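The following paragraphs go through one protein chain, from an annotated segment to its cores, cysteines and sheet. Please keep the sequence and the coordinates at hand while reading.

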Amino acid sequence: MAVSGENQSSGNSSTSSFFTSKTPILGLQVYVVIAATVIIMVIILFLIFLITRLNRTSKRRRSVGKKSSGLLPLVSDVIRENKTTDLKVNHFAKKEDETVAILKKEVPEVIEIESEGIKGSSGSNESSTSRSDTSSAISGSTESTNIGWGRWYSLKELEMATNGFRAENVIGEGGYGVVFRGVLQDDSVVAVKKLLNNKGQAEKEFKVEVEAIGKVRHKNLAGLLGYCSEGAHRILIYEYIDNGNLEQWLHGVGTVSPLTWEIRMKIAIGTARGLAYLHEGLEPKVVHRDVKSSNILLDRKWNPKVSDFGLSKLLGSEKSYVTTRVMGTFGYVSPDYASTGMLNEGSDVYSFGVMLMEIITGRSPVDYSRAPGEMNLVDWFKGMVANRRGEELVDPLIEVHPPPRSLKRVLLVCLRCIDMDANKRPKMGQIVHMLEADEFPFRSEPRPVQEKDPLPPRSARTNRVQLATKDGVGDDEQKPTGR
């Protein structure tokens with residue numbers, strides 16, 4: 001027992017002597033060095049924990065700030081920069097500012113395709129910048145990558161313009177949307193097309209219309225002024241045409257139509273010019289795919305504007321056609337496109353030909369109220385022309401009938417447009433020249449073919465003339481001279 005006690009006392013003394021022994025670090029004892037090391041490690045760990053905690057809280061604050069304020073901080077920064085630049089320009093370069101103002105008036109607003117958006121004529125720089133930045137963010141969320149060119153309208157602004165999209169402001173309605181008449185804050189009147197979101201169709205039509213005519217301007221095409229994309233709402237803002245459409249004036253009038261032959265030809269030529277620009281003046285070309293009388297808007301001077309590009313397709317120069325699902329309006333769709341699904345500009349030419357027949361006759365492409373042989377406009381039209389009854393095709397509501405030459409020219413254009421062989425149909429540019437031509441290479445009246453005897457030799461003709469002369473002289477000599 002005594003030995004074990006001595007061993008324990010010796011172990012304790014050795015351990016205590018180890019902790020109390022001095023180290024080469026500044027002559028400190030071992031337990032002091034260990035304690036200092038532990039304290040330093042604890043402090044380091046605490047600092048690391050504190051730094052990570054602060055980073056997390058700062059990130060949370062930033063995310064909360066973004067969620068609560070939306071895009072306002074970014075927009076406000078841009079507004080501040082615009083204000084400072086405006087002050088500098090006004091203070092240091094008044095002449096340059098006047099020049100810029102003149103250029104802004106001369107250059108169309110819709111051609112500015114940058115992310116900063118288009119500055120409205122009545123809006124300030126602040127409002128236009130905030131709208132464009134907001135619209136670019138919304139378009140990014142809806143995967144619309146090419147809609148940063150135009151003016152963005154808020155949903156609230158359009159609700160105020162249309163009185164909450166009330167029914168009394170409806171000016172048109174179709175399978176894919178409703179068109180409202182709207183008055184903006186600057187008293188400008190616009191047509192607001194609210195697309196119906198049927199299985200994503202609104203998103204598709206929204207992209208198609210913006211890509212097809214967003215940057216296009218032509219006097220015979222309805223101009224797209226702006227758009228709205230908030231949540232599930234897809235809205236397009238067009239210029240307002242206040243004289244209805246061609247279908248209303250052809251089929252909704254009384255006993256006498258205000259559309260004279262000259263007015264009808266003006267509408268036909270203007271429509272052909274607009275389609276020719278889509279087919280031949282753009283790259284890629286635009287195939288409308290729904291040319292019909294209800295999509296031809298008219299102003300007070302009977303100038304036509306092609307509208308409703310929701311079914312349009314873009315066709316590159318390297319492609320002669322594009323295969324797609326057959327869509328359009330019954331009676332206007334070309335048979336080759338309906339049977340194969342192969343779409344090109346020839347489909348628009350056929351539809352234009354049917355519409356031109358509708359302009360001439362005042363009849364709908366398909367009318368089940370008529371006799372069986374007259375239900376289909378194209379078949380009836382072909383039969384009447386084949387039987388040389390073209391004058392009977394003219395709309396009876398026209399008081400003054402057209403000149404025969406002008407009528408035959410337009411009838412021939414119709415027949416060429418509806419040729420069953422799509423390759424033989426003329427281009428829209430050629431149709432414009434054919435409708436505008438004063439003279440056309442055909443006779444006014446068909447001449448019957450007469451069989452002619454072969455001409456005798458020249459010597460025989462000379463002898464015959466001499467004999468005739470002698471006979472004439474002899475007769476004169478033998479005639480009695482009575483008084």
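The UniProt record, an unreviewed entry, places a "transmembrane region" at residues 28-52. In this predicted model, 92% of the span 28-52 is helix and 0% is strand. The C-alpha atoms at the two ends of residues 28-52 are 35 Å apart.

A second helical segment to look at is helix 9, which covers residues 261-280. Helix 9 has 20 residues, and the distance from its first C-alpha to its last is 28 Å, close to the 28 Å expected at 1.5 Å a residue. Is helix 9 enclosed by the rest of the structure or exposed? Of its 20 residues, 15 are buried, so helix 9 is largely enclosed by the rest of the structure.

The surroundings of helix 9 lead to the nonpolar cores. In soluble globular proteins, nonpolar side chains tend to be buried together. Here the largest nonpolar core holds 65 residues, and the members that touch the most others are Leu246, Phe352, Leu356, Ile431 and Leu435. Helix 9 gives the most to this core, contributing 10 residues. Leaving aside residues up to four places away in sequence, isoleucine 431 touches Ala272, Val349, Phe352, Val413, Cys417 and Pro426. There is also a second core, separate from the largest one, with 13 residues, among them Leu155, Leu158, Phe165 and Val190.

Cys417, a contact of isoleucine 431, raises the matter of disulfides. With sulfur pairs required to lie within 2.5 Å, the count comes to 0 disulfides. For cysteine 417 the nearest cysteine sulfur belongs to cysteine 414 and is 6.7 Å away, so at a cut-off of 2.5 Å cysteine 417 is in no disulfide. Cysteine 417 is buried, with a relative accessible area of 0%. Cysteine 228 is likewise buried, and its relative accessible area is 0%.

The last element is a sheet. Strands of a sheet pair through backbone hydrogen bonds, either parallel or antiparallel. In this model an open sheet of 6 strands has mixed pairing and the order 1-5-6-4-3-2. Which strands stand at the edges? They are strand 1 (151-152) and strand 2 (170-173); each has a single partner strand, so one side of each is left without a neighbour in the sheet. Elsewhere in the order, strand 4 (residues 189-195) pairs with strand 6 (residues 233-239) in the antiparallel sense, over 5 bridges. Within this pairing, alanine 191 has tyrosine 238 of strand 6 as its bridge partner.

Note on methods. Residues are numbered from 1 along each chain as its sequence is written. This is a predicted model: local features need pLDDT of at least 70, side-chain atom pairs count only at pLDDT 80 or more; totals for chains, interfaces and linings use all residues. Side-chain values use heavy atoms; hydrogens and water are left out. UniProt positions are given in the numbering used here, feature names are shortened, and annotations may be inferred rather than shown by experiment. Helices (H or I, at least four residues) and strands (E, at least two) are DSSP runs, numbered from the N terminus. The expected span of a helix is 1.5 Å times one less than its number of residues. Buried means under 20% relative accessible area, exposed over 50%, partly exposed in between (1.4 Å probe, protein chains only). A nonpolar core is a set of buried Ala, Val, Leu, Ile, Met, Phe, Trp, Tyr and Cys residues joined through side-chain atoms within 4.5 Å. Contact means heavy atoms within 4.5 Å. Two strands pair if DSSP finds at least two bridges between them.
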